[in-house]
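User: I'd like to go through the labels used for this model and see what each one rests on. Could you take me through the reasoning?

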Amino acid sequence: MSVDYKATVFLPRTHFPMRAGLPKREPEILARWAEMNLFRALREDAAGREKFILHDGPPYANGHLHMGTAFNKVLKDVVNRSQQMLGKDANYVPGWDCHGLPIEWKVEEGYRARGQSKDAVAPVDFRRECREFAEHWIEIQIEEFRRLGVEGDWSRPYTTMAYAAEAQIVREIGKFVANGGLYAGVMPVLWSVPERTALADAEVEYHDHTSPTIWVRFPIVSSPAELPAGAAVLIWTTTPWTIPGNRAVALDPEASYVAVEVSAVGEKGAAEPGQVLLVAESLLAQVEQDLAIEASRRIASFSGQELLATVCAHPLRGQGYDFDVPVLAADFVTLDQGTGFVHIAPGHGSDDFVLGQARGLEVPQTVDGAGTFMAHVPLFAGTRVYDDDGKPGDANPAVVERLREAGALLAQAKLRHSYPHSWRSKAPLIFRNTPQWFISMAANDLRDKALAAIRDTRFVPAAGRNRLYAMIEQRPDWCISRQRLWGVPLPLFVEKKTGELLRDPAVIERVAEAFETEGGDAWLTSDPSRFLGPEHDPADYEQVSDVVEVWFDSGSTHSFVLEARPELEWPASLYLEGSDQHRGWFHTSLLESAGTRGRAPYEAVLTHGFVLDEHGRKMSKSLGNVISPLDIIAQNGADILRLWVVASNYEEDVRIGPEILRYQVDAYRRLRNTLRFLLGNLDGFSEAERVAPADMPELERWVLHRLSELDEAVRRDCDEFDFHSIYQQLHNFCAVDLSAFYFDVRKDVLYCDRPDSARRRACRTVLDLVFDCLTAWLAPILCFTAEEAWWARGGPAAEDGASGDGAGEGGAAVDRAADGGAPRAASVHLRTFPDIPAAWRDPALADRWGKIREVRRAVTGALELERAEKRIGSSLQASPLVYVRDPGLMAAVDGLDLAEIAITSDAKAVAGAAPDEAFVLDEVPAVGVVAGLADGEKCQRCWRVLPEVGTSPAAPSVCVRCADAIQSLDNAAK
């Protein structure tokens with residue numbers, strides 16, 4: 001008569017579900033964290049610890065989160081949570097950039113949609129709308145960031161538009177005013193015609209653009225080289241509209257140049273026979289093709305050096321352009337395309353400007369903010385480079401036609417090339433000479449201080465140092481003025497008589513004090529006398545109407561966040577942003593801090609790549625490949641997104657898409673199932689069961705060794721911000737070491753040994769230790785799942801995960817353990833990484849078990865073959881004979897219960913070569929396996945096939961071990 005022994009088997013029991021249901025479960029956990037005020041509890045728990053301050057680079061408050069921002073914020077949260085669990089106080093204050101073009105443009109879009117003009121709105125009203133717009137999106141983004149699981153001081157974020165922040169920005173500018181670093185100057189800047197403003201480098205993106213190209217003769221007036229009369233330098237440019245601003249021609253002094261006389265020209269050519277043209281020798285063939293020159297004669301060759309001091313005439317001489325055009329040497333002239341000569345317009349290019357400054361060239365102002373040639377420009381006054389929509393105007397065609405009429409145009413074409421555009425309006429930009437306010441890189445040794453600070457800063461990855469160093473080393477003076485309304489007003493007055501900047505600290509402080517109570521609007525609504533005070537007559541000064549560029553705003557955040565909040569500290573431990581911030585936030589924060597404090601505002605800088613789709617393409621609406629993080633959260637949960645972040649190598653561009661997410665879902669399932677196995681098999685575990693490591697079997701001590709190794713790796717990788725490595729190691733530990741090996745081997749002991757058996761107690765002790773370690777190590781990554789698992793085991797909300805006896809508002813941050821033992825943290829995030837005893841490390845034991853697993857792998861391979869051939873159904877039907885010809889492997893398995901490790905009913909290892917019929921796994925050639933069937937009957941409780949089954953009268957259908965277990969249960973019941 002068969003007996004059902006299921007009730008006597010110790011199967012796992014847990015409320016921790018196999019199906020995560022993260023989209024529903026995570027908001028419940030968030031509500032619990034809010035109820036217990038987790039952020040406050042973290043601060044109280046970490047009081048007095050070493051601080052770790054990751055200063056938040058402020059995103060713009062102008063829309064829903066995109067994938068790049070989500071990646072950035074999750075990575076920051078993983079850093080902060082891991083540093084907190086390393087025993088530090090990682091106080092994270094999130095922030096927002098609120099001024100400038102992104103928000104101003106959005107508000108203007110609303111006007112345009114309503115048929116209104118910004119110019120018809122009072123400036124203070126426009127600024128109010130911008131502020132309200134930013135406030136609206138900050139509220140939305142806070143909830144979106146919290147939904148990602150990002151922990152921070154959400155009740156007290158910083159914003160660049162806060163009155164105190166605007167006041168401090170004024171004071172920071174005042175420091176540059178006082179030390180002489182700030183000056184008024186004229187310089188070509190990248191200018192957006194539709195937006196009527198200069199753009200910072202970080203506001204510029206490059207797209208393909210079709211430009212008109214022209215080849216133009218510059219007649220030579222005089223030259224130290226022997227050239228025939230009428231010879232001309234030939235230039236090539238993609239910006240015909242800059243010809244009116246030409247003041248020089250540049251060449252490569254190391255290059256070779258040739259003078260050629262045109263002999264024959266094709267039907268479409270504009271050159272004339274007899275004309276002598278000067279071009280780079282290496283480009284001659286291409287130039288002749290471009291100009292349809294069918295035959296020519298070389299007259300002479302020259303080095304670039306020999307042509308210096310040549311003077312040309314402007315191609316429109318006699319029509320208002322009657323100045324000389326010198327030929328100058330320049331290191332930026334390249335010979336990959338063009339003619340080897342570059343036309344220089346100092347007001348329309350940074351290289352041109354620098355060369356012009358060095359050689360004393362005039363820097364003419366030719367184009368106004370609307371992209372229109374000014375009234376004083378001969379021939380072209382009133383023509384436009386681009387219109388208000390960013391479409392090409394009539395300036396290029398007008399210049400081309402005038403050059404044609406003057407006989408200077410030898411060819412024209414079109415070129416598709418990469419060209420700067422506004423990142424907001426997407427309109428192409430122009431280099432325009434404008435009066436602006438600059439911070440000098442030379443004054444007060446700012447460049448040297450910044451470079452020294454870079455050398456003293458840790459960069460992750462290390463290549464970031466060279467990138468930022470090269471940018472600082474080569475950058476021009478910093479233009480900090482913008483011609484906008486929504487921003488911090490530049491607190492400057494200029495004396496009308498002298499044009500000198502008023503450098504009075506008292507004036508700066510009055511402005512700052514006004515901003516602290518009224519914000520930047522005070523600059524627009526107050527009489528200048530309020531700021532100038534009794535010392536200065538307002539009639540003598542002009543009030544500057546520009547605003548501060550937003551990169552100075554964000555570059556100053558360290559001053560009104562880190563220095564202003566006593567719970568933080570300056571400098572920050574870490575700045576973390578995308579790699580584009582080498583020319584953005586990292587860059588301007590460094591300059592602002594080096595210029596006012598002599599060093600960087602950060603100890604370390606971490607950069608990550610961009611987020612692309614799974615095919616490596618940039619996400620864009622036009623491609624239809626935009627993936628919203630909010631959609632992923634709604635479908636899969638935030639922990640899946642967080643797992644993707646740490647599984648990615650952030651040092652490179654990262655990819656995301658349906659297939660990649662499916663892989664992360666599978667990886668998450670393996671991690672969750674590991675936690676579920678632990679929880680299920682720790683049901684009812686108490687301190688009375690605990691076994692000291694010295695009394696454990698070798699297999700349990702091997703697991704402790706692995707925990708010791710992982711503890712060292714996790715701590716090291718947290719300090720190195722190598723979360724990709726942590727993910728790989730924890731995933732492999734769960735999937736390979738635990739699920740595929742240790743759990744597999746010990747299921748029999750857990751389910752079938754009597755409760756008080758030494759093996760089962762030792763195993764459950766190890767599971768308890770593994771659970772403590774894994775929940776802590778996974779908490780920074782899977783912040784919701786680790787919490788759910790922690791709560792499922794005696795903490796608050798052990799039953800339903802949404803209620804319990806945890807700390808409420810201001811309450812204690814601990815709960816009693818389920819067995820009444822040591823206090824348990826009310827949240828897994830209030831823990832630190834467990835301290836692992838050094839005694840757990842046992843390299844010799846690890847080496848032995850590495851060899852045992854090799855042998856086991858060979859046996860498992862043989863059993864898989866037997867199963868495939870349907871000679872066995874379960875490994876417990878087998879009794880393999882294992883031949884081991886490697887002495888090291890044989891020594892490792894000697895004395896071992898190989899059947900227990902191989903999960904067979906019997907097994908025997910013998911030294912020596914395997915017979916021909918043995919199975920040999922390619923990866924373990926020193927082991928051969930002959931699989932045989934086990935002798936005996938099948939135990940109806942543990943399913944092992946053993947001769948001893950039936951020898952126990954009280955339980956005739958089970959083995960001796962199972963009969964003893966059943967008897968122990970009967971005794972316990974009595």
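Analyst: Happy to! A residue is called buried under 20% relative accessible area, exposed over 50%, and partly exposed in between. Please keep in mind that this is a predicted model.

User: Why is R156 called partly exposed?

Analyst: R156 has a relative accessible area of 41%. Partly exposed is the class between under 20% and over 50%, so R156 is partly exposed.

User: What makes E567 and R156 a salt bridge?

Analyst: The closest N and O atoms of E567 and R156 are 2.4 Å apart. The cut-off is 4 Å between a side-chain nitrogen of Lys or Arg and a carboxyl oxygen of Asp or Glu, so the pair counts. E567 lies in the loop between helix 17 and strand 23 and R156 in the loop between helix 5 and strand 3, so this salt bridge ties together parts that are 411 residues apart in sequence.

User: Which residue does K76 form a salt bridge with?

Analyst: K76 pairs with E577, and their closest N and O atoms are 2.6 Å apart. Because K76 sits in helix 3 and E577 in strand 23, the pair links parts that are 501 residues apart in sequence.

User: Are K76 and E577 buried or exposed?

Analyst: K76 has a relative accessible area of 0%, so K76 is buried. E577 comes to 9%, so E577 is buried as well.

User: How do you know how R617 and D613 should be classed?

Analyst: R617 is at 36% relative accessibility and therefore counts as partly exposed. D613 has 3%, so D613 is buried. These two residues also form a salt bridge, with the closest N and O atoms 2.8 Å apart.

User: What makes strand 5 and strand 18 edge strands?

Analyst: The open sheet has 4 strands in the order 5-4-16-18, with antiparallel pairing. Strand 5 and strand 18 each have a single partner strand, so one side of each is left without a neighbour in the sheet.

User: How many bridges join strand 16 and strand 18?

Analyst: Strand 16 and strand 18 pair over 2 bridges, in the antiparallel sense. At least two bridges are needed for two strands to pair, so the label holds.

User: What is the make-up of the lining of the second largest cavity?

Analyst: The lining has 8 nonpolar residues, 1 polar and no charged ones. Among the lining residues are L643, V646 and H731. His is not on the nonpolar or charged lists, so H731 counts as polar. Helix 23 gives the most to this lining, with 4 residues.

How values were computed: Residues numbered from 1 in each chain as written. Predicted model: local features only at pLDDT ≥ 70, side-chain atom pairs only at ≥ 80, totals over all residues. Heavy atoms only, no water. 1 Å grid on protein atoms, 1.4 Å probe; cavity = no way out; pocket = protein on both sides within 12 Å on 5 of 7 lines; lining within 4 Å. Buried < 20%, exposed > 50% of the residue type's maximum accessible area, 1.4 Å probe, protein only.
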